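I opened this notebook to keep a record of what I looked up in the structure. The entries follow the order in which I checked things.

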Amino acid sequence: MYYQIWNFFLQEDKYNYWKERIKVHKNFNRVTWQKIIDFLSLVEQTFVLKYRLGETDSLEPFLKLATENGYNLTAEELAWFLITRKQIWDLFDLAQKTPSLKEQLLTAKSPQHFVNIAAENSYYFSVDELAWLLTEIKSSSELVSINNSVGEILTVSNYGRIETGYWIWLAEDWGIVAPFCHIDKPSTFLSQNINNPFLPDRCFLPKSYFNQRLMAIHN
């Protein structure tokens, strides 16, 4: 999806520069996040635009093409979007390779505690950014089955070889990711497709969900 824009920000020297810059000037919101996702989705669906963006060799013409197609993006916005996502993915990757860190994250007392642990390991992102990315992963059409810690099979998305089910489950338990199976509803009845993610045993709900939402209503 991201083509060569990774190279605009994520080569080692550029990455360190932009990582520090967005940490100081981090004032973007969900609207900005979604705007970039929408633009990249448009690129995926538009061959000519995808080709033209692929031919750009610097950030300025890339941003100009985005503007010409109705998306006014800044270098800071793109850097924030890409580098924030990379930090979350890098944390997940490190946790998968480091059992002690994974255990520490999975037993975090709150989303903010999770983010604080990430920062202690030099990965910087907010609770909101974590929630947006995990919601995006969960709503992806690329579904895979994994076993959770108690042996239940859950239908979730993955990124390369990084399992995301643990983190989605945790985020749902905290209430920062909404409980749904998939954004796009199926066109067939459940009984017609045994692999349909809307089947009750495929829904990805935390065990504390209903109590959690009742508490939220009373608060």
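**Salt bridges and their surroundings**

I began with E20, which is partly exposed at a relative accessible area of 43%; here buried means under 20% relative accessible area, exposed over 50%, and partly exposed in between, with a 1.4 Å probe and protein chains only. I note that this is a predicted model, in which local features need pLDDT of at least 70 and side-chain atom pairs count only at pLDDT 80 or more, while totals for chains, interfaces and linings use all residues. Residues are numbered from 1 along each chain as its sequence is written, and side-chain values use heavy atoms, with hydrogens and water left out.

I then looked up the partner of E20 and found that its side chain meets that of K23 in a salt bridge (3.4 Å, N to O), the term being a side-chain nitrogen of Lys or Arg within 4 Å of a carboxyl oxygen of Asp or Glu. Both residues lie in helix 2 (residues 12-24), 3 residues apart, about one turn of the helix; helices (H or I, at least four residues) and strands (E, at least two) are DSSP runs, numbered from the N terminus. K23 is partly exposed, at 35% relative accessibility.

A search of the whole structure returned 7 salt bridges, and I followed two others. D90 and K86 form one at 2.7 Å, N to O, and they are 4 residues apart in helix 6, separated by about one helical turn. The side chains of K35 and E77 form another at 3.5 Å, N to O. K35 lies in helix 3 and E77 in helix 6, so this pair ties together parts that are 42 residues apart in sequence. K35 is partly exposed at 22%, whereas E77 counts as buried at 10%.

I also checked T32, which sits in helix 3 (residues 30-45) and is buried at 9%. Leaving aside neighbours within four places in sequence, T32 is in contact (heavy atoms within 4.5 Å) with E77 and W80.

**Core and helix 8**

I next examined the largest nonpolar core, a core being a set of buried Ala, Val, Leu, Ile, Met, Phe, Trp, Tyr and Cys residues joined through side-chain atoms within 4.5 Å. Of its 57 residues, F9, F39, F92, F114, F125 and L134 touch the most other members, and helix 6 gives the most to this core, with 12 residues. Not counting residues up to four places away in sequence, F9 touches several residues, including W18, L59, L78 and I83.

Which residues of helix 8 are buried? I found P111, F114, V115, I117 and A118 in helix 8 (residues 111-120). Seen down the axis, these fall within an arc of 155 degrees, so they line one face of the helix; the arc is that of the directions from the helix axis to the C-beta atoms. Their cover includes helix 6 (75-97), helix 7 (99-106), helix 9 (127-138) and helix 10 (165-174).

**Loop and whole chain**

After helix 8 I stopped at S122, in the loop between helix 8 and helix 9, where phi is positive, near 70 degrees, in a residue other than glycine. Most residues other than glycine have a negative phi. S122 is partly exposed, at 39% relative accessibility.

For the whole protein chain I recorded 11 helices and 4 strands, with buried residues making up 42% of the 219 residues.
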